[in-house]
Amino acid sequence: MPLHRPALLFCLAALLSLGHAAALHAQTTGTAASDRPAHFVAHDPQADFERRVVQIPMRDGVKLHTVILIPAGARRAPMLLTRTPYDADGMTSHAKSNQLGAVLQGYDNFPELFDKDGYIRVVQDVRGKYGSEGDYVMNRPQIGPLNDSSVDHSTDTWDTIDWLVKHVPESNGKVGILGISYDGFTSLMALFHPHPALKVAVPMNPMVDGWIGDDWFHNGAFRQFGLPYIYEQVNSADNTIDWIETTTDQYDFYLKAGSAGALGKSRGMEQNGFFRKLLAHPAYDAFWQQQAVDKLLAREPLKVPVMLVHGLWDQEDIYGALAVYEAIEPKDTGNDKVFLVMGPWNHGGQRTDGSALGPVKFGSDTSASFRRQVLRPFLDHYLMDAAPAMDVAPVTVFRTGENHWEHLKAWPLGCAEGCSIKPTPLYLQDQGQLAFQAQAAPASATYTSDPAKPVPFLPRPVKGQGYDDNPWPQWLVTDQREAATRPDVLTFVSQVLDAPLRISGAPRVALTLSTTGSDGDFVVKLIDVYPDQTPADPQMAGYQLMVSADILRGRYRDSFEHPSPIPTNTPVGIRFALPQANHTFLPGHRVMVQVQSSWFPLYDRNPQTYVPSIFLAQPQDYRKATITVKLGGADGSALVLPVVSGGGAAAAE
């Protein structure tokens, strides 16, 4: 019987409903279809930023992984770029949060710069690391004798900035670059042939010259404590091949391993290209000279304003920032393009609480004042559209001991006006004395250095290099009283000071000594000895605080490039500069100088017999040596201090 129209419509609706249900059933129970969307776009109305992840193409086709964090509502905001080998994703995800200040709490970030009226944050993996394509080269040299490719960090920075200003519509087209350590090195690389949109650079604690005084060597002495870093940094793109520590005390571990070369080879590090370069270039040859960033920048025109940030107790890169300052400051004829900040910090300490370093207190949060009063106004001046005025001195330096900031026209200057700096010998004298008057009668002091019992750089047990629950970040302010008790450490102490002794600049070592060996290392420390009673801070009673200290490998005493044996039992001059200081030895304190021949296991042991390469020294090469330091007479040993006289504290705060 034919259906009426209403019944027909009902049947059609039922069939359609059954079809829809069948389709839904297929979608929810079928095994072929994926539940995952092809591209999920997150929506979070409470988030105060947007996260974009892009692969930016370089001129050779390699794509670099880049994270862009844009504050909500940003409009004509400048961009702050960091280029890193330390994981752009991780550096921009320090917390599971929808708040920009939270995700940027951590290494190489300054959250106070990225508020709603602040900056767009850009962090990029350098080629060959984490999410970026290409080959990784440790501190990739500039295109030239050491780099025959068409790319380097400066070209990658140029290409990155060019892409950013064209593809981030929320920006005002102005870019600044900043970073700490390796990221400070890449910030310096941006200054070579800079992109027109790069308006300012802030390299902090940068790696500059790995042989003279930064990560790999200090004056030729190899910093073997960095071997685990080299192992993990180079052997995989994402640092997932771990260096396994097999002993609690790293002193024992490195002592049993023998030479640094033997240790590396025992861990398979001959597969590691950078380790092979270290073995091939123990001296300051063309390999190191042609990639020293300060030397390269000295030949470049100064086009971009630069603020160099230095830590007075930087345990990793205490050389680089000041070396670059000395190289480029003469180009700053208007004294308005090169800025220097020196704070009482360890490596990267300007990012964290700066009220103290270890037990040493500074009376205020020096890091916070730097970020609020120096860094933010400096960046705003060059990057914000309104270009607000800034009141930032060419040199902002903290005077330790007196604990205040000084604002200077240049470094080293000593004070704002009316003072001078005079190199003043502080003489090592008989009976462990130390004085500014030379000792007339010749004398000597001796110690025996035994490679089987090297002087530890930290009280044992020595932990591996690290930042969590570890003395490594504060080791340069470690109390030196334990070293002073060792028979293989010469200790010289002044009388109690009755007036302030101010220094600004680099103390210079001027030792005359002889050795029964044919090689040797020489460590010299300038130390502030606190009074025996310090009621305001009892833990500092008698404390021996290193103000400046460093090492020279004796074979390089005459030439960094061409090593030579030390003539046995023959007086030789040992001359080198210690790291720069801006310190006041207060009345009631004493000045101390320590001399020793090992700093272990931070530096590899010198066998004290001359061998072609200490990396390859054999067990039988390591021998005791007696070192005799000359005191008094025309060529008596001294530490030459950059003593400040005159002037006042008009520019101090």
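Two strands are said to pair if DSSP finds at least two bridges between them. With that in mind, the central sheet of this predicted model can be introduced: an open sheet of 10 strands with mixed pairing, in the order β1-β2-β4-β3-β5-β6-β9-β10-β13-β14. At its edges stand β1 (49–57) and β14 (404–408), each of which pairs on one side only. Direction ignored, neighbouring strands of the sheet are turned by 20° against each other on average. As a reminder for those new to such folds, strands of a sheet pair through backbone hydrogen bonds, either parallel or antiparallel.

A good place to step into the sheet is strand β3, which covers residues 77–84. This strand is mostly covered, as eight of its eight residues are buried. In the sheet order, β3 stands between β4 and β5. With strand β4 (residues 120–125), β3 pairs in the parallel sense over six bridges, and here Leu 80 stands opposite Arg 121. The pairing of β3 with strand β5 (residues 171–180) is parallel too, and runs over four bridges. In this second pairing, Ala 77 is found opposite Ser 171.

Further along the sheet, strand β10 (residues 338–343) meets strand β13 (residues 395–399), and the two pair in the parallel sense over three bridges. Val 341 stands opposite Thr 396 of β13.

Helices also pack against these strands. Helix α4 (residues 153–167) packs on the sheet and touches β1, β2 (63–71), β3, β4, β5 and β6 (198–204). The direction of α4 makes about 150° with that of β3. Another helix, α12 (residues 320–328), lies across β9 (306–311), β10 and β13, and runs at about 145° to β9.

Turning to covalent links, a search of the whole structure finds one disulfide. In general, a disulfide is a covalent bond between the sulfur atoms of two cysteines. Here the partners are Cys 415 and Cys 419, with 2.2 Å from S to S. The link of Cys 415 and Cys 419 is left-handed, with -130° about the S-S bond. How does the cover of the two partners compare, and which is buried or partly exposed? Cys 415 has a relative accessible area of 5% and is therefore buried, whereas Cys 419, at 21%, is partly exposed. The cut-off for buried is under 20% relative accessible area.

One loop residue also deserves a visit. Ala 617 has its place in the loop between β25 (590–596) and β26 (625–631). With a relative accessible area of 6%, Ala 617 is buried. Leaving aside its neighbours within four places in sequence, Ala 617 is in contact with Ser 259, Pro 607, Val 611 and Tyr 622. Ala 617 and Arg 557 are 60 residues apart in sequence, and their C-alpha atoms are 20 Å apart in space.

Finally, the view can widen to the chain as a whole. Its secondary structure comes to 14 helices and 27 strands. The C-alpha trace spans about 135 × 60 × 50 Å along its principal axes. Of the 653 residues in the chain, 56% are buried. Among contacts with a separation of 6 or more, 74% are between residues 24 or more positions apart. The accessible surface of the chain comes to about 26,900 Å², and 54% of this surface belongs to carbon and sulfur atoms.

Key
Residues numbered from 1 in each chain as written. Predicted model: local features only at pLDDT ≥ 70, side-chain atom pairs only at ≥ 80, totals over all residues. Heavy atoms only, no water. Disulfide = S-S within 2.5 Å. Buried < 20%, exposed > 50% of the residue type's maximum accessible area, 1.4 Å probe, protein only. Axes fitted to C-alpha atoms, helices over the stretch in contact; angles between N-to-C directions. Contact = heavy atoms within 4.5 Å. Areas by Shrake-Rupley, 256 points an atom, 1.4 Å probe, with all protein chains shown as cover.
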